[in-house]
Amino acid sequence: MSDDDLTHTDDAGDVQMVDVGDKPDSSRRAVARGTIHLTESTIEAVRENEVAKGDVLATARVGAVQAVKHTWETIPMCHQIPITNVDTDFAVREDRIDLEVAVETTGKTGCEMEALEGVTTGLNVVWDMVKAAEKDVTGGYPDTRITDVEVVTKDKTTLQ
């Protein structure tokens with residue numbers, strides 16, 4: 001990769017926000033996903049809504065949506081974009097919870113960072129909600145981890 005490929009630096013190498021002012025508006029959609037691995041007993045508590053802090057997936061859904069809407073505040077060079085839709089989809093498996101976040105916008109720049117922020121925050125909220133159940137006797141989390149965070153799709157349709 002050459003310096004010419006880096007869009008967030010100027011000719012002197014200083015970090016900058018990309019100027020998207022001249023780009024046409026487009027309909028954009030990005031989907032990201034990730035996984036949190038948990039113990040089977042914690043998964044069962046989530047399924048049965050028996051976690052002491054409350055409804056884990058409902059809380060994580062709210063956290064994911066909030067994160068999507070505030071991405072521009074946490075990722076330094078992201079533009080503030082108009083979010084037109086956020087979909088969250090949780091899949092509760094035997095040893096893990098998968099989260100997929102789809103974000104839609106109409107504007108001059110993509111929304112994949114927003115989708116990634118939704119996934120990571122949503123999974124962090126799950127962890128926060130279940131951490132008491134996941135801790136071992138030393139206070140660690142040997143069976144808990146977040147993995148496989150990735151952008152699945154990124155679509156753009158230029159508007160006429």
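What covers the buried residues of helix 1? The cover includes helix 2 (56-69), strand 2 (83-92), strand 3 (96-107) and helix 4 (112-134). This is a predicted model, where local features need pLDDT of at least 70 and side-chain atom pairs count only at pLDDT 80 or more, while totals for chains, interfaces and linings use all residues. Residues are numbered from 1 along each chain as its sequence is written, and side-chain values use heavy atoms, with hydrogens and water left out.

**View 1. Helix 1 and its two sides.** Here we look at helix 1 (residues 40-47), whose buried residues are T42, I43, A45 and V46. (Buried is under 20% relative accessible area, exposed is over 50%, and partly exposed is in between, with a 1.4 Å probe and protein chains only; helices are DSSP runs of H or I with at least four residues, strands are E runs of at least two, and both are numbered from the N terminus.) These buried residues span an arc of only 160° around the axis, so they sit on the same side of helix 1; the arc is taken from the directions from the helix axis to the C-beta atoms. Over on the other side of helix 1, E40 and S41 are exposed. Just past the end of helix 1, N49 takes a positive phi of about 55°.

**View 2. The open sheet.** Now for the strands: 4 of them form an open sheet in the order 2-3-1-4, with antiparallel pairing. (Two strands pair if DSSP finds at least two bridges between them.) Strand 2 and strand 4 are the edges and have a single partner strand each, so one side of each lacks a neighbour in the sheet. From one strand to the next, the twist averages 10°.

**View 3. Strand 1 beside strand 4.** Strand 1 (residues 26-37) and strand 4 run antiparallel and are joined by 11 bridges. Zoom in on A30 and you'll find K154 of strand 4 opposite.

**View 4. The aromatic pair.** The structure holds 1 aromatic pair. (Rings of Phe, Tyr and Trp, the last by its six-membered ring, pair if their centres lie within 6.5 Å; planes under 30 degrees apart are stacked, over 60 edge-to-face, and the rest tilted.) The ring centres of W127 and Y141 are 5.5 Å apart and the planes are at 75°, so this pair is edge-to-face. W127 belongs to helix 4 and Y141 to the loop between helix 4 and strand 4 (145-158), so the pair ties together parts 14 residues apart in sequence. W127 is partly exposed, at 22% relative accessible area, and Y141 is partly exposed too, at 27%.

Conventions:
Contact = heavy atoms within 4.5 Å. Axes fitted to C-alpha atoms, helices over the stretch in contact; angles between N-to-C directions.
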